[in-house]
Amino acid sequence: MKVNSNFELSDGARIAVLGGGPAGSFFSIFALKLAKQIGRDIDLTIYENKNFSHEGPSSCNMCAGVVSESLVQMLAIEGICLKSPIVQRAIDTYCFQTTGGDVFLNSPSKQKGIATVYRGGGPVNQTDNEHETERKSFDDFLLDCAEKEGAKIENVRVEDIKLNNGRPIIFSKKGQLPDADLVVGACGINTKTIQAFEELGTGYTRPTTIKAYQSEIHIGEQNVSDLFGNAVYVFLINQ
Ligand SMILES: Cc1cc2nc3c(=O)[nH]c(=O)nc-3n(C[C@H](O)[C@H](O)[C@H](O)COP(=O)(O)OP(=O)(O)OC[C@H]3O[C@@H](n4cnc5c(N)ncnc54)[C@H](O)[C@@H]3O)c2cc1C
């Protein structure tokens, strides 16, 4: 056991991170960096069942893919630099279209500092777009960053979590996974795994959610440039 009663992880402690989306990767990157800074050796594995390099919705953590300028800058300070082919288009404006009129929010730096990214391998069947840039998933890129810091990545879905004498045990379809001193739930809220966390009896309950519908409509790169320019449009309809 590599954790004391103050929940302090000691040398050789094992961490299992459930989910390799942004939360899982960021947790891993910073946990490993901080552990190195204080001279502590931790063994960290990220369990993620998706393959973010495949095209289409099943490989994508649904999102509009807009990374705010402040986040782009904060990541750059940490040495995580977002550039092509992770950034598909650099933009400088948010346009909110409301029933009361349009509101434009320009990037303070006016340097196209807002990034748009693909979370997965991008939309399917878009070979007609000869100008489209190379693709690299944002989530895949962050996993690469975590791996460079020393994280192990396992392409495994965690099916269940139990507590045994206060220690977490995690299971895949094939059985029990290696022991962990700390299990980190970074599995998003659209997963059955949330229920397993609730059933642990730690008092955790999932946050309330609302349903959203997301769709991709291919209009071609030229039309995007002509109609939207370097802006992302948010339609705030009267609901
Ligand atoms: C319609 C919509 C549009 C959005 N647009 C934006 C935007 O433009 N910009 C922005 O910044 N944010 C946006 N967001 C929010 C953003 O998507 C989330 O904040 C972000 O994805 C949360 O990251 P996460 O890592 O917590 O969870 P997720 O991105 O959901 O990642 C969780 C990961 O855990 C994995 N996982 C789940 N269960 C298991 C398991 N049992 N075992 C192993 N792996 C598991 C999943 O496969 C997934 O990869 C949007 C959200 C929605 C719904």
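Tutor: Domain bounds here come from an automatic or database domain assignment, and the model is a predicted one.

Student: How is the protein chain divided into domains?

Tutor: Domain 1 comprises 1–62 + 135–207, and domain 2 comprises 66–117 + 212–239.

Student: How far apart do the C-alpha centres of domain 1 and domain 2 lie?

Tutor: The two C-alpha centres are separated by 29 Å.

Student: And which three residues supply the most of the area that domain 1 buries against domain 2?

Tutor: Lys136, Phe138 and Phe141 do; together they account for 47% of what domain 1 buries against domain 2.

Student: What is the area buried between the two domains in total?

Tutor: About 930 Å² is buried between domain 1 and domain 2, and carbon and sulfur atoms give 77% of that area.

Student: How many residues are in contact on each side?

Tutor: Domain 1 contributes 11 residues, which are in contact with 11 residues of domain 2.

Student: Turning to polar features, how many salt bridges cross the interface?

Tutor: There is 1 salt bridge across the interface of domain 1 and domain 2. Residue pairs in polar contact across that interface number 2.

Student: Which elements give two or more residues to the side of domain 1 that touches domain 2?

Tutor: Those elements are α1 (22–37) and α3 (138–149).

Student: How do the residues on that side divide into nonpolar, polar and charged?

Tutor: On the side of domain 1 that touches domain 2, 8 residues are nonpolar and 3 are charged, with no polar ones.

Student: One more pair: what do the side chains of Lys33 and Glu78 form?

Tutor: The Lys33 and Glu78 side chains form a salt bridge, with an N to O distance of 3.9 Å.

Notes:
Residues are numbered from 1 along each chain as its sequence is written. This is a predicted model: local features need pLDDT of at least 70, side-chain atom pairs count only at pLDDT 80 or more; totals for chains, interfaces and linings use all residues. Side-chain values use heavy atoms; hydrogens and water are left out. Contact means heavy atoms within 4.5 Å. Buried area is the accessible area (1.4 Å probe) that two parts lose on being put together, summed over both. A salt bridge is a side-chain nitrogen of Lys or Arg within 4 Å of a carboxyl oxygen of Asp or Glu. A polar contact is a pair of N or O atoms within 3.5 Å; within protein, one must be able to donate a hydrogen and the other to accept it, and residues adjacent in sequence count only if both atoms are side-chain atoms. Helices (H or I, at least four residues) and strands (E, at least two) are DSSP runs, numbered from the N terminus. Ala, Val, Leu, Ile, Met, Phe, Trp, Tyr, Cys and Pro count as nonpolar, Asp, Glu, Lys and Arg as charged, and the others, Gly among them, as polar.
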